[in-house]
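Here is a briefing on the structure shown below. It goes topic by topic, beginning where protein meets DNA.

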Number of protein chains: 2
Amino acid sequence: MTKPKAAKPDARAKLLDAAFNVIRAKGYCATSVDDLCRAAGVTKGAFFHHFKSKEDLGVAAADCWAEMTGIFFATAPYHDHEDPLERVLGYLDFRRTILQGEVREFTCLVGTMVQETYDTAPAIRDACEACISDHAAKIEADIAAALDHANLKPDWSAKSLALHSQAVLQGAFILAKAQGGAEIAVDSIDHLQRYIRLLFNRL
Amino acid sequence: MTKPKAAKPDARAKLLDAAFNVIRAKGYCATSVDDLCRAAGVTKGAFFHHFKSKEDLGVAAADCWAEMTGIFFATAPYHDHEDPLERVLGYLDFRRTILQGEVREFTCLVGTMVQETYDTAPAIRDACEACISDHAAKIEADIAAALDHANLKPDWSAKSLALHSQAVLQGAFILAKAQGGAEIAVDSIDHLQRYIRLLFNRL
DNA sequence: AAAAATACCAACCGGTTGGTATGTTGTCAA
DNA sequence: TTGACAACATACCAACCGGTTGGTATTTTT
């Protein structure tokens, strides 16, 4: 017993963490099971002990990503604002500040995966869709509150603006990947914030 | 001579056309050379006669896509407007009207490819980046003209707004893939148009 | 008409793929 | 002590992958 082995299902967590990093860099399809095992430091036997297939890993990764980012954003400081509109703008401030490091480090796992799998792996697509929708729903709540607070009844819905904000972020990631830097993403968030301020006459 | 064979390199064009459709549906990596050959109705020998590798096909597909869409948008009716702002808004109207049919039919080839290859195939990434940049540059020209026409000197650049519009479109495609429909993309273009109208006080 | 280049094809190759079958080891309840 | 079971590891497989081969038919050049 030279090495005190961890009792907890260690390999599963390591594989999911590896999936986050490798898939965001190479994409879902180009990431082989061997790649994942190598990055996680486990064997193939461990992989197929915890996941019944590569697709199953994809679904689990999307679910785990949803949970992880859910906690990450729920505990972010922008929720402290009393004014709901400030929470929405603070959310976007926060998203801008996390655009650090390499492109593969700040881009979105589920946005990457759903583009490759939407037509071939419905289970992964659904898991990614749920992740995006759930996240958008949280922003929608603040937008709706901001509309209520400002006594506005516009011809667009809080939900559509929440989803639009996700589209802007996902699209900004694609351009960042194309250009090899976060600058375009920063600019795009600036534009989105300016749009929201204009909608609420808060300049 | 029962079949009058085309003198022109036929297989190459058929392979590129197949690439447009298959890659947009399955993604670049998941599309095998055999898939392409099957869809194009040619053999593998023909493939590697015209393209020295799969990556070379990817670059050629991006270049061909850039040329094709360049002509497509250059000949679209929205250029007829004398008012440059109307051309910008007309461009977005046009982009909305082409959101027809299956998701894989209206989404963007280079946006799909660059996400998978940005970290592993620089040649493909560069070709995709060039396609997006060139397209954005055309919209930038109309935005710049609109700013000039309205005598505006805002704290954002025409270029950043042009790139933002591409981010919105690319992001809308991702959400459309996740949700399996074009509705979100329509809504997102609505928001983008509303933003531009607000920027130019044209409501 | 000869020579050279182009366009294409069927068969094949070695390596990689996702996945499986069969151990081995540590943990814990009976 | 033992038996059951989870958590891995090792060895292996058939299918598929991108790419190569040697060849033929056609077109272009000389």
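**DNA strand D**

A polar backbone atom of A:A11 sits 3.4 Å from a phosphate oxygen of DNA strand D. This is a predicted model. The points below cover both DNA strands, the pairing of the chains, the fold of chain A, the nonpolar core and one serine.

*Contacts to strand D*

- The side chain of A:T43 also reaches the backbone of the strand: one of its N or O atoms is 2.8 Å from a phosphate oxygen of DNA strand D.
- B:K44 addresses a base instead. An N or O atom in the side chain of B:K44 is 2.8 Å from a base nitrogen of DNA strand D.
- DNA strand D has 16 residues around it. The nearest are A:T43, B:S32, B:V33, B:K44 and B:K54.
- Among the atoms of DNA strand D within 4 Å of the protein, sugar or phosphate accounts for 55%, and bases supply the rest.
- Both chains provide helices here. α1 (10–26) and α3 of chain A, and α3 of chain B, each supply at least two residues of the surface near DNA strand D.
- α3(A) gives the most to that surface, with four residues.

**DNA strand C**

- DNA strand C is surrounded by 17 residues. A:V33, A:K44, A:K54, B:T43 and B:H50 are the closest.
- B:A11 offers a polar backbone atom, 3.5 Å from a phosphate oxygen of DNA strand C.
- B:T43 uses its side chain: a polar atom there lies 3.2 Å from a phosphate oxygen of DNA strand C.
- B:H49 has a side-chain N or O atom 3.4 Å from a phosphate oxygen of DNA strand C.
- Of the DNA strand C atoms within 4 Å of the protein, 55% are in sugar or phosphate, and the rest are in bases.
- Four helices each supply at least two residues of the surface near DNA strand C. They are α2 (33–40) and α3 (44–50) of chain A, plus α1 (10–26) and α3 (44–50) of chain B.
- α3(B) is the top contributor to the surface near DNA strand C, with four residues.

**How the two chains pair**

- A turn of 180° with a shift of 0.0 Å along the axis lays chain B on chain A, at an RMSD of 0.0 Å.
- The two copies are therefore related as by a two-fold rotation axis.
- Which residue of chain B comes closest to the rotation axis? B:G171 does, with its C-alpha at 1.8 Å.
- The copies meet through the same surface, because 100% of the interface residues of chain B are also interface residues in chain A.

**Fold of chain A**

- Chain A has ten helices and zero strands.
- Its C-alpha atoms fill a box of roughly 65 × 35 × 30 Å along the principal axes.
- Chain A has 203 residues, and 54% of them count as buried.
- Take contacts in chain A between residues at least 6 apart in sequence: 68% of them join residues at least 24 apart.

**Helix α9 of chain A**

- Helix α9 of chain A covers residues 158–179, which makes 22 residues. At 1.5 Å a residue it should span 32 Å. The end C-alpha atoms are 31 Å apart, which agrees.
- Is α9(A) enclosed or open, and why? It is largely enclosed by the rest of the structure, because 20 of its 22 residues are buried.
- A:G180 follows α9(A) and has a positive phi, near 75°.

**Nonpolar core**

- The largest nonpolar core has 152 residues. A:M113, A:I143, A:I196, B:M113 and B:I196 have the most contacts inside it.
- In soluble globular proteins, nonpolar side chains tend to be buried together.
- B:M113 touches several residues more than four places away in sequence, including B:I23, B:Y28, B:I124 and B:C128.
- B:G58, B:A61 and B:A62 are also among the residues that B:M113 touches.

**B:S133**

- B:S133 lies in helix α8 of chain B, residues 122–149.
- B:S133 is partly exposed, with a relative accessible area of 24%. The cut-off for buried is under 20%.
- Its side chain makes a polar contact with the side chain of B:E129, at 2.6 Å.
- B:S133 and B:F173 are 40 residues apart in sequence. Their C-alpha atoms are 18 Å apart in space.

Definitions and conventions:
Residues are numbered from 1 along each chain as its sequence is written. Chains are lettered from A and ligands numbered from 1 in the order in which they are written. This is a predicted model: local features need pLDDT of at least 70, side-chain atom pairs count only at pLDDT 80 or more; totals for chains, interfaces and linings use all residues. Side-chain values use heavy atoms; hydrogens and water are left out. A nonpolar core is a set of buried Ala, Val, Leu, Ile, Met, Phe, Trp, Tyr and Cys residues joined through side-chain atoms within 4.5 Å. Buried means under 20% relative accessible area, exposed over 50%, partly exposed in between (1.4 Å probe, protein chains only). Contact means heavy atoms within 4.5 Å. The expected span of a helix is 1.5 Å times one less than its number of residues. Copies are superposed by least squares on the C-alpha atoms of residues with pLDDT of at least 70 in both. A residue is near a molecule or strand if one of its heavy atoms lies within 4 Å of it. A polar contact is a pair of N or O atoms within 3.5 Å; within protein, one must be able to donate a hydrogen and the other to accept it, and residues adjacent in sequence count only if both atoms are side-chain atoms.
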